[in-house]
Amino acid sequence: MFPVKENVMMKNGLEDVVAAETVLSDVDGEAGRLIIRGASLDDLAGSATFEDTALRLWDGFFEEPMSAATLKTALGRARAEVFAHIGAVDEAILSLPPVDALRALLARLPDGDDLRTAVRLAAATAVFLPALLRLQQNRLPIAPDATLSQAADTLRMLTGTTPSPAQIAALDAYLVTICDHGLNASTFTSRVVASTGAGLASSVLAALSALKGPLHGGAPGPVLDMLDEIGTESSAETWLRETLGRGERLMGFGHRIYKVRDPRADALKAALQRLAEEGTVTLSRVKLAEVVERVAVAILRERKPDRRLDVNVEFYTALLLDALGFPRESFTGVFALGRTVGWIAHAREQAMNGRLIRPRSVYVGPQPDQQRSLQRAV
Ligand code: COA
């Protein structure tokens, strides 16, 4: 916090500013702990499904009653309905990067504040992204199977094959792990939009736009590029030192809130190891990632002894999504598949309990009298 004017303090990046009360998630950056509506992430990741998590986060925020079974049915039905939008995908949309194509298609959905709108948005991300990816690869999109779980159907629509139980569990673990995370930039965006009275589709669209930046949800693709460029364990140290020496940041490291290892990295690493046991990902790739993590953390500690820079969620996300068959340019879009339920819950919480979000700025430009004297001088 620093003074910008007499009696006016500003916090650049709003660091440590509390802007909402929430029952949805708690990020303990000192202890490296994440609570998702009363449950520890360690207990949820690996056991809960996407549907369980949507129910957990949305419970009490809609007038309509909900159970795990009704939500699964509603999501399946909504996936089948929104698939009709794929017929209207044109060349202009297909020429965009996947996350922008997803944004363009989501913008066509009607707005609203009810459960139906929420379910439609959550279903749409899961249907649109695989279909867009297939169309961009000149392959036919695959229609949803309303009887499947959201994770199973997403993988089936992506690859055209029946996913294994371990693959479904891995995607569920990923979607659960990233479903909500305090007042991150995209969630704050969702709440700002909801605070004006705009509907859920508007909140989700705005949040997705905030997510795509490389400092937020855009990092996992570059993480994979980094691992590919490093290639072997013995090259890790030189590559990392040279990159940092050029003043570049290491993608997948550092976090505004976590001062210790990001607990989501462990949840994803566990899911990855289960896939490795099944042979979906090679052990040597996981081992390379572990070496890069260890060396990078040591070098970052050496260079920034007073700032703890550890691995974050994006690092193992990259390996997990790659192993599940998602192309790296789509990773930010897959993040949105999980985070949409969190954005929706926050938007509803803000709309029901909050006020219009309207902070102040401090004017530091010239005053009209200064401007006039400047013009006279010229
Ligand atoms: N690699 C190298 N240096 C890093 C770094 C990284 N990944 N993350 C932070 N730093 C350094 C910065 O260069 C800065 O150094 P300086 O004070 O000498 O300029 C210092 O640590 C503080 O960085 P700052 O940008 O103020 O921290 P922040 O809290 O605003 O940033 C992130 C948090 C996530 C944006 C940042 O750590 C980052 O850019 N990480 C890489 C991108 C990434 O993985 N994003 C996904 C987040 S889940």
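The side chains of Asn184 and Arg339 are joined by a polar contact of 3.3 Å, and that is a good place to start looking around this predicted model. Asn184 also has a side-chain partner in Ser186, with a polar contact of 2.9 Å between the two. In the fold, Asn184 sits in the loop between helix H8 (165-177) and H9. If you set aside neighbours within four places in sequence, the residues in contact with Asn184 are His216 and Arg339. Is Asn184 buried or exposed? Its relative accessible area is 13%, and because the cut-off for buried is under 20%, Asn184 counts as buried.

**The two pockets**

Asn184 brings us to the largest pocket, since this residue is among those that lie nearest the pocket's centre, together with Leu215, His255, Arg256 and Ile257. Which elements give two or more residues to the lining of this pocket? They are strand S3 (25-28), helix H9 (185-195), helix H14 (283-303), helix H15 (313-323) and helix H16 (331-353).

The second largest pocket has its own set of central residues: Leu14, Val17, Arg358, Pro359 and Arg360 are the closest to its centre. Here strand S2 (residues 8-10) provides the largest share of the lining, with three residues.

For volumes and linings, here are the two pockets in one table.

| Pocket | Volume | Lining residues | Classes in the lining |
|---|---|---|---|
| Largest pocket | about 1800 Å³ | 50 residues | 21 nonpolar, 14 polar, 15 charged |
| Second largest pocket | about 530 Å³ | 22 residues | 13 nonpolar, five polar, four charged |

**Around the ligand**

How many residues surround the ligand? There are 19, and the closest of them are Arg249, Leu250, Gly252, Phe253 and Lys304. Two of the polar approaches to the ligand involve the protein backbone. A nitrogen atom of the ligand lies 2.7 Å from a backbone N or O atom of Leu250, and a polar backbone atom of Phe253 is 2.8 Å from a nitrogen atom of the ligand. With Lys304 it is the side chain that takes part: one of its polar atoms lies 2.7 Å from an oxygen atom of the ligand.

**Two partly exposed residues**

Now for a look at Thr159, which belongs to helix H7 (residues 150-159). Its side chain makes a polar contact of 3.0 Å with the side chain of Thr161. Not counting residues up to four places away in sequence, Thr159 touches Arg134 and Leu324. From C-alpha to C-alpha, Thr159 and Ala124 are 17 Å apart in space, with their places 35 residues apart in sequence. The relative accessibility of Thr159 is 33%, so this residue counts as partly exposed.

Gly354 is in the loop between H16 and helix H17 (368-377). How far apart in space are Gly354 and Ser195, C-alpha to C-alpha? The distance is 6.9 Å, although the two residues are 159 residues apart in sequence. Why does Gly354 count as partly exposed? Its relative accessibility is 37%, and partly exposed covers values that are neither under 20% nor over 50%.

Notes. Residues are numbered from 1 along each chain as its sequence is written. This is a predicted model: local features need pLDDT of at least 70, side-chain atom pairs count only at pLDDT 80 or more; totals for chains, interfaces and linings use all residues. Side-chain values use heavy atoms; hydrogens and water are left out. On a 1 Å grid over the protein atoms alone, a cavity is a set of points where a 1.4 Å probe fits but cannot get out, and a pocket is an open set with protein on both sides within 12 Å along at least five of seven lines; lining residues have an atom within 4 Å of a point. Grid points are joined across faces, edges and corners, and a volume is the space filled by probe spheres set on the points. Helices (H or I, at least four residues) and strands (E, at least two) are DSSP runs, numbered from the N terminus. Ala, Val, Leu, Ile, Met, Phe, Trp, Tyr, Cys and Pro count as nonpolar, Asp, Glu, Lys and Arg as charged, and the others, Gly among them, as polar. Buried means under 20% relative accessible area, exposed over 50%, partly exposed in between (1.4 Å probe, protein chains only). A polar contact is a pair of N or O atoms within 3.5 Å; within protein, one must be able to donate a hydrogen and the other to accept it, and residues adjacent in sequence count only if both atoms are side-chain atoms. Contact means heavy atoms within 4.5 Å. A residue is near a molecule or strand if one of its heavy atoms lies within 4 Å of it.
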